[in-house]
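Please examine the sequence and the three-dimensional structure shown here before reading on. The explanation below is best followed with both in view.

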Amino acid sequence: MKTVTTENNFTYLTGSLIVLLFSSAVIDSLPEDVTHLSLQAIVVLTFVIAYQSLNFGRVWRQFVAMLVALLILASIARELSDSRVISFLELVVMLLFFVGAAYRSSRQVLFSGGVDRNIIVGSIAIYLLLGLIWAMLYLMALELSATAFSGIAGQDWVENFPAASYFSYVTLTTLGYGEISPAEPLSRVLVYLQAITGTFYMAIVVASLVGAQKNNSKH
C-alpha cells in the first residue's frame, strides 16, 4: 500500500465506502447469526481506512480511536444483550464517524484552491458520506418507531442497512422511485432535508471546482 498523502488519500476513503455499501448487500444474504458481526467488522475496517486516509491531525486520531473503541464495546455488549439501547448506540457511533469524516473531507475538498484527481474523488467521497449519514438517521428513526417508513420492516438495523442505504441515495439524488416512503412526521422531515442537502451539495461542488479552476488559470 502506497503512503497515504493529501494527493491520494481520497482514493482509499472512497474505495472503502464503496466496499462497505456493496458488502452490506452481500452480507444481507448470510445467516442471521453472522450478519451483525460481519457488517460490524467491515464498518470497523472502514473506520481504520478513513483514519489513515484523513490522518492529518491529533484531534482526528483521538476522535476515531474513541469511536472504534465504543463500536467494539457496543458490539460485544450486543452479543451479550439484545437491548435496543445498544443498537441505537451503535448507530449513534457510526453517525458521528460519518459526520466527522464528511467534515474532515470537506475541509480539504471544498474551496481548497486547486483541482486535481484527488479533489474530484474527494467530492465523490463526501457525497457517499452524506448518503451514509442519512442512512444512519433513517435507521435511528426506525429504532424509535418501527412504522417510520412504508416499505422497510421494523426489524434490526443490520437487516435494514441495505434498504436504508438504498433509500438514502435515491433520496439524495432526488430520484424517488416510491417503493419506500416516509410514513411519520420525523421521517418526512429527514427525507426532505436530505433532498435539499443533495441539491445544494451539487451546486456547492460545481461552484467550488469552477472557482478553483479559474484561480488556476490565472496563475
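The following paragraphs lead through the helices, the contacts between side chains, and the internal space of this model.

The structure is a predicted model, and every value below was computed from it. A suitable place to begin is helix 1, which has 19 residues. Helix 1 reaches 27 Å from its first C-alpha to its last, close to the 27 Å expected at 1.5 Å a residue. Its buried residues are Asn9, Phe10, Leu13, Thr14, Ser16, Leu17, Leu20, Ser23, Ser24 and Ile27. In an α-helix there are 3.6 residues a turn, so residues three or four places apart point the same way. The reader may trace the buried positions along helix 1 with that spacing in mind.

One of these buried residues, Asn9, leads to another part of the chain. The side chain of Asn9 is joined to that of Gln108 by a polar contact of 3.0 Å. Gln108 has its place in helix 4, which covers residues 84-109. Is Gln108 buried or exposed? Its relative accessible area is 18%, and because the limit for a buried residue is under 20%, Gln108 counts as buried. Helix 4 also contains Leu96, which counts as partly exposed at 40% relative accessibility. Leu96 and Phe22 are separated by 74 residues in sequence and by 21 Å in space, C-alpha to C-alpha.

Helix 4 also takes part in a charged pairing. Side chains of opposite charge can pair when their charged atoms come close. The count for this model comes to one salt bridge, in which the side chains of Glu143 and Arg84 meet at 3.4 Å, N to O. The pair links distant parts of the chain, with Glu143 in helix 5 (residues 117-144) and Arg84 in helix 4, 59 residues apart. Glu143 is buried, as its relative accessible area is 10%.

Helix 5 itself deserves attention. How far apart are its end C-alpha atoms? They are 41 Å apart, and this agrees with the 40 Å that its 28 residues should span at 1.5 Å a residue. Of those 28 residues, 23 are buried, so helix 5 is largely enclosed by the rest of the structure. At its N-terminal end, helix 5 is capped by Asp116, a side-chain oxygen of which lies 3.1 Å from the backbone nitrogen of Asn118.

Helix 3, which covers residues 58-80, contains Ala77. Ala77 is partly exposed, because its relative accessible area is 26% and the class of partly exposed residues lies between the limits of 20% and 50%. Ala77 and Ser87 are ten residues apart in sequence, and their C-alpha atoms are 9.6 Å apart in space. Ser75 also lies in helix 3. In contrast to the partly exposed Ala77, Ser75 is buried, with a relative accessible area of 11%. A polar contact of 3.1 Å joins the side chain of Ser75 to that of Gln40.

The account now turns to internal space. The structure holds one cavity of 30 Å³ or more, and about 30 Å³ of space lies in the largest cavity. Which residues line the largest cavity? They are Ser24, Ile27, Asp28, Thr35, Leu39, Val158, Phe161 and Pro162. The elements that give two or more residues to this lining are helix 1 (9-27), helix 2 (32-53) and helix 6 (157-172). Helix 6 gives the most, with three residues. By class, the lining has five nonpolar, two polar and one charged residues. Ser24 and Ile27, both listed in this lining, are also among the buried residues of helix 1.

Helix 6 also contains Asn160. This residue is buried, with a relative accessible area of 2%. Asn160 and Asp28 are 132 residues apart in sequence, yet their C-alpha atoms are 8.9 Å apart in space. Asp28 is itself one of the residues that line the largest cavity.

The path ends beyond helix 6. Thr174 has its place in the loop between helix 6 and strand 2 (181-182). Although Thr174 is not a glycine, it has a positive phi of about 60 degrees.

Note on methods:
Residues numbered from 1 in each chain as written. Predicted model: local features only at pLDDT ≥ 70, side-chain atom pairs only at ≥ 80, totals over all residues. Heavy atoms only, no water. Helix = DSSP H or I, 4+ residues; strand = E, 2+ residues; numbered from the N terminus. Buried < 20%, exposed > 50% of the residue type's maximum accessible area, 1.4 Å probe, protein only. Polar contact = N/O pair within 3.5 Å; in protein donor to acceptor, adjacent residues only side chain to side chain. 1 Å grid on protein atoms, 1.4 Å probe; cavity = no way out; pocket = protein on both sides within 12 Å on 5 of 7 lines; lining within 4 Å. Points joined across faces, edges and corners; volume = space filled by probe spheres on them. Nonpolar A, V, L, I, M, F, W, Y, C, P; charged D, E, K, R; others polar. Salt bridge = Lys/Arg side-chain N within 4 Å of Asp/Glu carboxyl O. Expected span 1.5 Å × (residues − 1).
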